Amino acid sequence: MVWSLDARIPVRLLDMPDAPPRAGSEALSGAVLLAEDGAALPPGAARVEHFAAPPAGAHPAGCACCQPRNPVAIALDRLFLARARGQAPWFTEVLAIARSEAGRDAIAAALQGDSVTRARFRTG
């Protein structure tokens, strides 16, 4: 038996850029979703938090004045706080839906580079 003491919430990236999954392909009813703006969503999600992928061509140095915090990290903050306050159903996993490469990169950047997000969530 393998034991894991990692209590962080896993974030699992779904590969569905253009269409929601077909009925019966994956049980997403009641799931908590983190979705890039414009991504197709499955029906019956318990809660959806949206994020906008950072615009291409942002300041090349990535300074704090141009991009203070990753929009995915902010959306995950909203999900975590809603869970803690009882404003969302209790969830043990977040399903992330990105419709672009920039969206997938933003999710990865938040999970790797944002210290608050790393304390609450992990790649699932």
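**Exercise 1. Is phenylalanine 80 buried, partly exposed or exposed, and what is its relative accessibility?**

*Solution.* Before starting, note that this is a predicted model, in which local features need pLDDT of at least 70 and side-chain atom pairs count only at pLDDT 80 or more, while totals for chains, interfaces and linings use all residues. Residues are numbered from 1 along each chain as its sequence is written, and side-chain values use heavy atoms, with hydrogens and water left out.

Step 1: recall the cut-offs, by which buried means under 20% relative accessible area, exposed means over 50%, and partly exposed lies in between (1.4 Å probe, protein chains only). Step 2: apply them to phenylalanine 80, which has a relative accessibility of 23% and therefore counts as partly exposed.

**Exercise 2. Describe the aromatic pair that a search of the whole structure finds.**

*Solution.* Step 1: state the rule, which pairs rings of Phe, Tyr and Trp (its six-membered ring) if their centres lie within 6.5 Å, and which calls planes under 30 degrees apart stacked, over 60 edge-to-face and the rest tilted. Step 2: the search of the whole structure gives 1 aromatic pair. Its partners are phenylalanine 80 and phenylalanine 121, with 6.2 Å from centre to centre and 75° between the planes, an edge-to-face arrangement.

Step 3: place the partners in the chain, where helices (H or I, at least four residues) and strands (E, at least two) are DSSP runs numbered from the N terminus. Because phenylalanine 80 belongs to helix H1 (residues 71-85) and phenylalanine 121 to strand S5 (residues 121-123), the pair ties together parts that are 41 residues apart in sequence. Step 4: look at the accessibility of the second partner, phenylalanine 121, which is buried at a relative accessible area of 1%.

**Exercise 3. Work out how helix H1 begins, how far it reaches and what follows it.**

*Solution.* Step 1: begin with asparagine 70, which lies in the loop between strand S3 (47-51) and H1. Asparagine 70 caps the N-terminal end of H1, with a side-chain oxygen 2.7 Å from the backbone nitrogen of valine 72. At 15% relative accessibility asparagine 70 counts as buried, and, if residues up to four places away in sequence are not counted, asparagine 70 touches Ala106, Ala109 and Ala110, where contact means heavy atoms within 4.5 Å.

Step 2: compare the span of H1 with its expected span, which is 1.5 Å times one less than the number of residues. H1 has 15 residues and reaches 21 Å from its first C-alpha to its last, close to the expected 21 Å. Step 3: move past the end of H1, where glycine 86 follows with a positive phi near 80°.

**Exercise 4. Which residues of helix H2 are buried, and how are they arranged around its axis?**

*Solution.* Step 1: list the buried residues of H2, which are Gly103, Ala106, Ile107, Ala110 and Leu111. Step 2: look down the axis of H2, using the directions from the helix axis to the C-beta atoms; the buried residues fall within an arc of 125°, so they line one face of the helix. Step 3: turn to the face of H2 pointing away from this buried side, which carries the exposed residues Gln112 and Gly113.

**Exercise 5. Compile the surroundings of threonine 117 and of arginine 8.**

*Solution.* Step 1: locate threonine 117 in helix H3 (residues 115-120), where its relative accessibility of 1% makes it count as buried. Step 2: leaving out residues up to four places away in sequence, threonine 117 touches Arg69, Ala73, Leu76, Ala110 and Leu111. Step 3: find its polar contact, meaning a pair of N or O atoms within 3.5 Å, where within protein one must be able to donate a hydrogen and the other to accept it, and residues adjacent in sequence count only if both atoms are side-chain atoms. The side chains of threonine 117 and aspartate 114 are joined in this way at 2.9 Å.

Step 4: locate arginine 8 in the segment before strand S1 (9-14), where arginine 8 counts as partly exposed at 31% relative accessibility. Step 5: trace its side chain, which makes a polar contact of 2.8 Å with the side chain of aspartate 6 and reaches the backbone oxygen of arginine 118 at 3.1 Å.
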